[in-house]
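Work through the exercises below with the sequence and the model open. Each task is followed by a worked solution.

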Amino acid sequence: KKKFDVDEVRNDFPILKRLVNDKPLVYLDNAATTQKPQSVIDALTNYYTYDNANIHRGLYFLSELATEQYENARLKVKEFINAISASEIIFVRGTTEAINLVASSLCRSKYFSEGDEVIVSNMEHHSNIVPWQLIRDRKKINLKVIPINDAGELDLEAFESMISDKTRLVSVVHISNTLGTINPIKKIVEIAHSKNIPVLVDGAQAMSHLKVDVQELDADFYAFSGHKVFGPTGIGVLYGKAEFLEMMPPYQGGGDMIRTVTFEKTTFEDIPKKFEAGTPNIAGGIGLGAAIDYVNQFDRAELSDYEDMLLKYATERLSEIDGLKIIGNAGEKASVISFVIDGIHPYDIGTIIDTDGIAIRTGHHCTQPIMKRFGVPATARASFSFYNTKEEIDKLYEGLLKVKKIFE
Ligand code: PMP
């Protein structure tokens, strides 16, 4: 493995050299999307420049080449998350589509009966709430919500006690995009499985921070987005255990997912094709493969140790600021910090520091129930990746002091 060196790594990401408002970009919004290394950008350009053709169809050279690259990317994903088989890797648009796929497909099957329950948590992204609400009314099922404590951790005792003989699925986030909390997925899966309930994990934030092993976690479904793990937008993954994917009906109908079609009856392809109707994001898949290759150069533990150092440093620096309060102090936390400052709206914080080229997120981060839980309308959020530096955190700190001065 290549030794991690932040200066070298920064050279791999061309955008980090650009100026914003005549200042060097300080990109601290990695929970929203990560930047792309040159190798990912090259993979997209090369594909469109030399290899572009539709896949799974033509018997000519380019189509076979494109198919091979796309299917090779599926193999890379399979290895990356340690799935048993590449057929358990469904390419989708992102985490949102992955969760909608499971919800829609289960809705169309006989999986749910009236009165059944789906358990989610109070720290879910809207994309792990709304899809279940959309099917709730059609299937007359109920949503139950695992509460969180003041530190922003799941209450596992409450979770255990809310499981009933009506519970059919648990769907929880691995790492909260707002609080940074790393949830004990293995424990949650153990509890659910002891009652024969499958678990879907929203891994949108986890892929870039942790080494994820779906067999070790024993998750039944695992969803993530390519763009949050240094790959392109518009491509993501739904991992599902074959036993579930095989019993689930298709999500969308169209080309590529069928075996035979007549007006009377259609038969479907095996997984994963059954769930991949239409021309997919071929370049995106290949780009995601390149992103996985990029990450795989490094020892993941080295990357997460560095991010932990950034988190610790940022937590200390921000805590020095009078009136600043960090929302979410979980014992297990990834490099995401949400905060509020007394008397200053988060939007003002974001707008003012942007003039110094510092990009952070402000708002509810698609987690309005968390805002309600902590009694704030919005937060400012800084989220770090391994290409960020302590100097950038110092700039954030200086920027926040400047904001405070303006409001004094
Ligand atoms: N879940 C979490 C925890 C997220 O952070 C995000 C993206 N902010 C999503 C789901 C949705 O991902 P996407 O928009 O890529 O589908």
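**Exercise 1. Backbone outliers**

Does H365 count as buried or exposed, and at what relative accessibility? Then place H365 and D218 in the predicted model and compare their settings.

Solution.
- Step 1: H365 has a relative accessibility of 7%, so H365 counts as buried. The cut-off for buried is under 20%.
- Step 2: locate H365. The residue sits in the loop between β16 (361-363) and α14 (368-374).
- Step 3: check the backbone. H365 is not a glycine, yet its phi is positive, about 55 degrees.
- Step 4: turn to D218, in the loop between α9 (214-217) and β9 (221-225). Its phi is also positive, about 65 degrees, and D218 is not a glycine.
- Step 5: classify D218. Its relative accessibility is 32%, so D218 is partly exposed.
- Step 6: recall the background. Most residues other than glycine have a negative phi, and most peptide bonds are trans.

**Exercise 2. A peptide bond**

Find the geometry of the peptide bond from I271 to P272, and say where P272 lies.

Solution.
- Step 1: read omega. The value is near 5 degrees, and the bond from I271 to P272 is cis.
- Step 2: place the proline. P272 belongs to the loop between β12 (266-268) and α11 (282-296).

**Exercise 3. The faces of α15**

Which residues of α15 are buried, and which are exposed on the other side?

Solution.
- Step 1: set the frame. α15 covers residues 390-407, 18 residues in total. From first C-alpha to last, α15 reaches 26 Å, close to the 26 Å expected at 1.5 Å a residue.
- Step 2: list the buried set of α15: E392, I393, L396, Y397, G399, L400, V403 and K404.
- Step 3: map this set around the axis. The buried residues cover an arc of only 160 degrees, which puts them on the same side of α15.
- Step 4: explain the spacing. An α-helix has 3.6 residues a turn, so residues three or four places apart point the same way.
- Step 5: inspect the other side of α15. There E391, K405 and I406 are exposed.

**Exercise 4. Pockets and a cavity**

Describe the two largest pockets, then the largest cavity, by volume and lining.

Solution.
- Step 1: the largest pocket has a volume of about 320 Å³. Of its 23 lining residues, T96, H125, S225, H227 and K228 are the closest to the centre.
- Step 2: sort that lining. There are 6 nonpolar, 11 polar and 6 charged residues. Helix α4 (residues 95-108) gives the most, with 3 residues.
- Step 3: the second largest pocket holds about 210 Å³. Its lining has 16 residues, and F91, V92, R93, E97 and P280 lie nearest the centre. The split is 8 nonpolar, 5 polar and 3 charged.
- Step 4: count cavities of 30 Å³ or more. The structure holds 1. The largest cavity has a volume of about 50 Å³.
- Step 5: examine the cavity lining, which includes N30, Q205, H209, E307 and F384. This lining divides into 3 nonpolar, 8 polar and 1 charged.

**Exercise 5. The annotated domain**

What does the UniProt annotation for residues 26-396 say, and how far apart are the end C-alpha atoms of this span?

Solution.
- Step 1: read the record. The unreviewed UniProt entry annotates residues 26-396 as "domain: Aminotransferase class V".
- Step 2: take the ends. The end C-alpha atoms of residues 26-396 lie 8 Å apart.
- Step 3: add the composition. The span is 40% helix and 17% strand.

Technical notes: Residues numbered from 1 in each chain as written. Predicted model: local features only at pLDDT ≥ 70, side-chain atom pairs only at ≥ 80, totals over all residues. Heavy atoms only, no water. 1 Å grid on protein atoms, 1.4 Å probe; cavity = no way out; pocket = protein on both sides within 12 Å on 5 of 7 lines; lining within 4 Å. Points joined across faces, edges and corners; volume = space filled by probe spheres on them. Helix = DSSP H or I, 4+ residues; strand = E, 2+ residues; numbered from the N terminus. Nonpolar A, V, L, I, M, F, W, Y, C, P; charged D, E, K, R; others polar. Expected span 1.5 Å × (residues − 1). Buried < 20%, exposed > 50% of the residue type's maximum accessible area, 1.4 Å probe, protein only. Arc of directions from axis to C-beta. UniProt positions renumbered as here; feature names shortened; annotations may be inferred.
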